[in-house]
Amino acid sequence: MSSAEHLYNGKTAVITGGGSGLGEGLVRHAAALGMNVVVADINEAAATKVADDIVRAGGNAVALAVDVRDPEQVDSLAEASYRIFKRVDLLVNNAGIEQFGYLWDTPVANWRRILDINVSGVFHGVRSFVPRMISAGGRSSVWNTASVGAVTGISRQGPYLATKHAVLGLTEALKLDMDHAGHDISVAAVLPAAVSSRIFSDAGTVFEGDLEAAEGARRDMMTLLPTALDPLDAARAIFDQAAAGEFYLLSQPGYVAAIMADRGLQLTRRSAPQEPRRHSFAARDH
């Protein structure tokens, strides 16, 4: 039995965006480890298909529709998850979307939508599930999906990168909050690189301005798909790193580490966020 299977077998996971892409990979691997899984997705048909596959294979999964932009729907997701499985040991706030185009051409509606899903959706998950985890007691975990885009810059994806930088900052702050409050809830940031999914084909785009630049960005990203990592392989790497106690969970550790090295940074357990030392602001001679 692997360390991940030993740690997660018999536990319960709730994974948003679980009907496709990385989320589906996380759902299927969680089930393979012996977890009960709540497949949460705005696409109820996709979530149901994944859950049905798991049940047919002898696993335990349920599909629940949720729009993570709506805090009441996320509250309902939490209530239903606890009603069905009695506790939640792992929450993965994974639902997210892409947006292509120059920042100045981005429609306001698209800007609000990507913020609502990618950032507020994570916040709503934390707000709805963490108090229940604290009340239930015992060890539990929260993972928030950021992106390799949270630690680098790419042209014509400004709104997406802004949200993923925000998710990484939110997750680092959440870990520090947990450390400060002393709750037995581990926190991790998921930083996938290219994983096979529909995120690029489904991405929002601009309606005016430089349309070719926006579609060019989509084409550029679509060229990555033939060599993109299979979602199950990404999920396996992510669960193994979590079982080892890492904070930054990388779908392709070597690739992401190389990007970070280029920026003079490291993403390791040792560099997980810590409260900064407090310095005196007493006046000094200049």
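Helices (H or I, at least four residues) and strands (E, at least two) are DSSP runs, numbered from the N terminus, and by that convention the chain has nine helices and seven strands. The radius of gyration, taken over C-alpha atoms, is 19 Å, close to the 19 Å that the globule rule (2.2 Å times the number of residues to the power 0.38) gives for 286 residues, so the chain is as compact as a globular protein of that length. This is a predicted model, in which local features need pLDDT of at least 70 and side-chain atom pairs count only at pLDDT 80 or more, while totals for chains, interfaces and linings use all residues. Residues are numbered from 1 along each chain as its sequence is written, and side-chain values use heavy atoms, with hydrogens and water left out.

**Pockets**

- A pocket is found on a 1 Å grid over the protein atoms alone, as an open set of points where a 1.4 Å probe fits, with protein on both sides within 12 Å along at least five of seven lines, and its lining residues have an atom within 4 Å of a point.
- The largest pocket has a volume (the space filled by probe spheres set on the points, which are joined across faces, edges and corners) of about 1100 Å³.
- Its lining comprises 48 residues, with G96, I97, Y160, S197 and I199 nearest the centre, and α2, β2 (36–41), α5 (108–136), α6 (158–181) and α9 (253–262) each supply at least two residues.
- The second largest pocket has a volume of about 410 Å³, and of the 23 residues lining it, R139, S141, S186, V187 and A242 are the closest to its centre.
- Two or more residues of that second lining come from each of α1 (3–8), β5 (140–145), α6 and β6 (185–191), and β6 gives the most, with four residues.

**Helix packing**

- Helix α2 (residues 21–32) and helix α8 (residues 231–243) pack at an angle of about 65 degrees with their axes 8 Å apart, where axes are lines fitted to C-alpha atoms, for helices over the stretch in contact, and angles run from 0 to 180 degrees between N-to-C directions.
- In the contact (heavy atoms within 4.5 Å), residues of α2 including L22, L26 and H29 meet residues of α8 including L232, I238 and F239.
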